[in-house]
Amino acid sequence: MSSAWRTVVGSMLLAGFLFGTSGVLAQERPYIVTYDHYLEEPGNLEIEYFSTFGTQRQGNNFHAFWMEFEYGVTGWWTTELYLDGQTTFHDSTVFGGVRWENRFRPLKHEHFINPVLYVEYEHIKGADKILKEVEGHDVELDFLDSNAAARRETNHEMEFKLILSSNVKGWNFSENILAVKNLTNEPWEFGYALGASRPLALKASPKRCAFCPQNFAAGVEMYGGLGDRYSFGLHETSHYLAPVVAWNLPSGWTLRLSPGFGLNDNSHKFLLRWGVAREVSGFGSIVAKMFGRSE
Amino acid sequence: MKTSNKAAMAALAMCALLLAASQGLSQSRASETLVKHKDYFYAEIAKAPEKARQRLNPLETDHDAVTAGGNLFLQHCAECHGDSADGGRKGPSLRVQEIQGATPGALFWLLTNGVVRRGMPVWSKLPEPQRWQLVTYIKSLGVKSADAAAQSQQSNQ
């Protein structure tokens with residue numbers, strides 16, 4: 001079977017699964033890079049597709065894309081698989097790599113600041129361009145290599161994040177501090193992501209509607225690198241500021257859009273991100289039935 | 001097989017393993033633990049701090065709160081607690097004395113904090129007015145007789 005056919009058949013199976021299963025209204029934040037402290041509901045699976053279009057000075061613009069499969073294992077543990085790729089215009093399309101992420105909620109109750117611990121293993125190519133996080137001395141110039149050259153480099157990395165998140169008068173404020181270690185002999189790298197967002201209406205409408213303001217959330221996020229162990233700070237790092245908006249549809253779909261702007265000469269000038277997500281309720285039960293178990 | 005394919009296969013295998021393990025964690029003793037979860041869930045409400053328990057529902061007299069809360073309930077809660085809140089696959093009935101006799105403030109506290117170790121997520125992701133709308137709706141349901149609740153719980157399952 002050719003790869004094109006495999007893609008078509010795979011997409012049809014995925015679409016059939018998504019449309020054939022029941023969705024629940026996901027009350028998602030609009031962030032694309034920043035994490036808040038909410039985990040996936042136990043037994044639910046969220047399938048997400050994201051795109052990033054990025055401009056590149058002195059090189060070709062690119063379109064990077066990834067799929068996320070996020071599963072709520074328990075009320076305090078969410079696990080997630082990422083698969084990504086990218087197309088560099090006037091060059092080629094390549095597979096970017098795999099990420100396996102886990103988030104743990106250590107505290108039972110809500111507090112003014114709510115911590116979540118994040119651990120991720122990444123097996124990614126040098127050609128990976130999704131900019132899911134910005135770390136160390138990541139700069140625009142890193143993306144100048146051709147795909148043929150960049151894909152030869154393979155990185156095994158562990159990424160750790162401390163996610164802090166608070167809710168104040170309808171606003172959510174989230175702060176992420178990240179540390180990344182390439183498992184070869186490279187120094188620890190650091191980065192950050194900050195976000196603030198709010199639903200457009202705090203009270204729900206008595207009508208069932210897709211366009212009610214409570215279904216929309218808007219905000220802003222900022223993220224960037226903080227150097228590495230030997231040169232910690234803002235020197236030769238890139239930073240972005242991005243307004244974000246999300247639309248949570250009653251059918252269980254969530255749409256997100258975020259134009260991002262580079263804040264210095266080391267950053268891509270413009271990033272346009274968008275994503276679509278679908279929450280599948282009771283995925284754990286479906287799998288349990290497949291294994292012959294009833295709840 | 002190329003290294004990237006091997007990595008993808010390894011990741012998929014790891015996910016399948018994880019999924020199977022998570023089934024063990026979340027589902028294996030589901031039927032026997034549901035009863036324990038139910039007790040734990042009802043007991044949790046008694047843990048609401050006095051200050052939280054005394055909070056008044058600012059939307060108690062809002063005419064739209066019951067309807068809006070009903071919509072929110074169907075969107076976020078019915079999956080576990082059943083469409084009529086009589087109890088479902090994962091969540092216990094909310095039409096019992098333990099819940100209906102609780103103060104609005106205690107219910108609001110439970111919604112806000114969830115019962116994370118027993119599978120009920122925190123609902124502070126909903127803005128405060130929406131959580132009060134949910135409380136108004138839940139309180140409007142009243143207590144259902146034990147026989148009727150058991151019947152509808154069976155049909156929900």
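Trainee: How many of the 14 residues of H8(B) are buried?

Mentor: The model is predicted. A residue counts as buried if 20 or more other C-beta atoms lie within 10 Å of its own. Among those in H8(B) that meet this are B:Trp132, B:Leu134 and B:Ile138. The helix is largely enclosed by the rest of the structure, because the number of its residues that are buried is ten.

Trainee: Which helices are included in what covers the buried residues of H8(B)?

Mentor: The buried residues of H8(B) include B:Gln130 and B:Lys139. Their cover includes parts of chain B, namely H4, helix H6 (97-100) and H7.

Trainee: How far apart are the end C-alpha atoms of H8(B)?

Mentor: Start from the expected span, which is 1.5 Å times one less than the number of residues. For the 14 residues of H8(B) that gives 20 Å. The model agrees with this, since the end C-alpha atoms are apart by 21 Å.

Trainee: Which residue just after H8(B) takes a positive phi?

Mentor: Look just past the end of the helix, where phi is about 75°. The residue with this positive value is B:Gly142.

Trainee: Which helix gives the most to the largest nonpolar core?

Mentor: That core has 27 residues, and B:Leu107, B:Leu111, B:Leu134, B:Val135 and B:Ile138 touch the most other members. Helices H4 (63-76), H7 (104-113) and H8 (128-141) of chain B each supply at least two of its residues. With six residues, the one that gives the most is H7(B).

Trainee: Leaving aside neighbours within four places in sequence, which residues is B:Leu134 in contact with?

Mentor: B:Leu134 is one of the core members that touch the most others. Its contacts beyond four places in sequence are B:Gly69, B:Leu72, B:Phe73 and B:Leu111.

Trainee: How many residues are in the second, separate core?

Mentor: This core includes A:Ile130, A:Leu131, A:Val134 and A:Tyr223. Its number of residues is 21.

Trainee: Is A:Lys129 buried or exposed?

Mentor: A:Lys129 sits in the loop between strand S5 (114-125) and helix H2 (147-150) of chain A. Leaving aside neighbours within four places in sequence, its contacts include A:Gly54, A:Phe62 and A:Phe143. With 26 other C-beta atoms within 10 Å, A:Lys129 is buried.

Trainee: What percentage of the residues in chain A are buried?

Mentor: Chain A has three helices and twelve strands. Of its contacts between residues at least 6 apart in sequence, 64% join residues at least 24 apart. Among the 295 residues of chain A, the buried share is 43%.

Technical notes. Residues are numbered from 1 along each chain as its sequence is written. Chains are lettered from A and ligands numbered from 1 in the order in which they are written. This is a predicted model: local features need pLDDT of at least 70, side-chain atom pairs count only at pLDDT 80 or more; totals for chains, interfaces and linings use all residues. A nonpolar core is a set of buried Ala, Val, Leu, Ile, Met, Phe, Trp, Tyr and Cys residues joined through C-beta atoms within 7 Å. A residue is buried if 20 or more other C-beta atoms lie within 10 Å of its own, exposed if 12 or fewer, and partly exposed in between; C-beta atoms are placed from the backbone. Helices (H or I, at least four residues) and strands (E, at least two) are DSSP runs, numbered from the N terminus. Two residues are in contact if their C-beta atoms, placed from the backbone, lie within 7 Å.
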